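Subject: Structure for your pocket work

Hello,

I am handing over the structure below. My notes on its pockets and its core follow.

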Amino acid sequence: MQKTKNEKEESAIANFIGTALIIVCIPLLIIFLTIAIKANTNPYNLPDFLGYKPLICASNSMENVFKVGDLTVTKEVKQNELEKSDTITFWDGKHDTVITHRIEEITKDENEKATYITKDDMNNEIDEETVEFSQIEGK
């Protein structure tokens, strides 16, 4: 039995939608699996995919940029790419957590080693602890 023109069009549309779903879903599956495997094999490092690290905002300290529950993505950067007012994500060793705050000031010691003074956007006080580049996950 031959298909009618309408049945052929419906079949072509279904094939297109199926192919499009596969093209979208397979890369997403690879990304999610890579992140999940990295998170489980090394729980003390933020998992990434090609240098991009997904995070969920857990506080309102940067509410003018990120709301609680927002998905944020931080990208690994080189030290010379960091500037005042950049939003960075870093490990806070004192509280053993990851924080995303803004660079308020960059200071350098006599050996040109940079230290970053950060603050959140919701108050006018700088963070208690300074941040070294080794703590920074990205911006």
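Strands, as the term is used here, are DSSP runs of E at least two residues long, numbered from the N terminus. By that numbering, β3 gives the most to the lining of the second largest pocket, with three residues. Please note that the model is predicted.

The second largest pocket has a volume of about 200 Å³. It has 14 lining residues, and those nearest its centre are D92, I99, D127, E128 and E129. Two or more lining residues come from each of β3 and β4. Sorted by class, this lining holds five charged, five polar and four nonpolar residues.

For the largest pocket, the volume is about 280 Å³. Its lining counts 15 residues, with C57, A58, V98, I99 and T100 the closest to the centre. β1 (52-56) and β4 are the elements that supply two or more of them, and β4 gives the most, with five residues. No charged residues occur in this lining, which has eight nonpolar and seven polar ones.

I99 also belongs to the largest nonpolar core, a set of ten residues. The other members are V77, L82, I88, F90, I103, A114, Y116, V131 and I136. Two or more core residues come from each of β3 (87-92), β4 (97-108) and β5 (114-119).

Which residues does V77 touch, leaving aside those up to four places away in sequence? They are L82, F133, G138 and K139.

Regards

Terms used: Residues are numbered from 1 along each chain as its sequence is written. This is a predicted model: local features need pLDDT of at least 70, side-chain atom pairs count only at pLDDT 80 or more; totals for chains, interfaces and linings use all residues. Side-chain values use heavy atoms; hydrogens and water are left out. A nonpolar core is a set of buried Ala, Val, Leu, Ile, Met, Phe, Trp, Tyr and Cys residues joined through side-chain atoms within 4.5 Å. Buried means under 20% relative accessible area, exposed over 50%, partly exposed in between (1.4 Å probe, protein chains only). Helices (H or I, at least four residues) and strands (E, at least two) are DSSP runs, numbered from the N terminus. Contact means heavy atoms within 4.5 Å. On a 1 Å grid over the protein atoms alone, a cavity is a set of points where a 1.4 Å probe fits but cannot get out, and a pocket is an open set with protein on both sides within 12 Å along at least five of seven lines; lining residues have an atom within 4 Å of a point. Grid points are joined across faces, edges and corners, and a volume is the space filled by probe spheres set on the points. Ala, Val, Leu, Ile, Met, Phe, Trp, Tyr, Cys and Pro count as nonpolar, Asp, Glu, Lys and Arg as charged, and the others, Gly among them, as polar.
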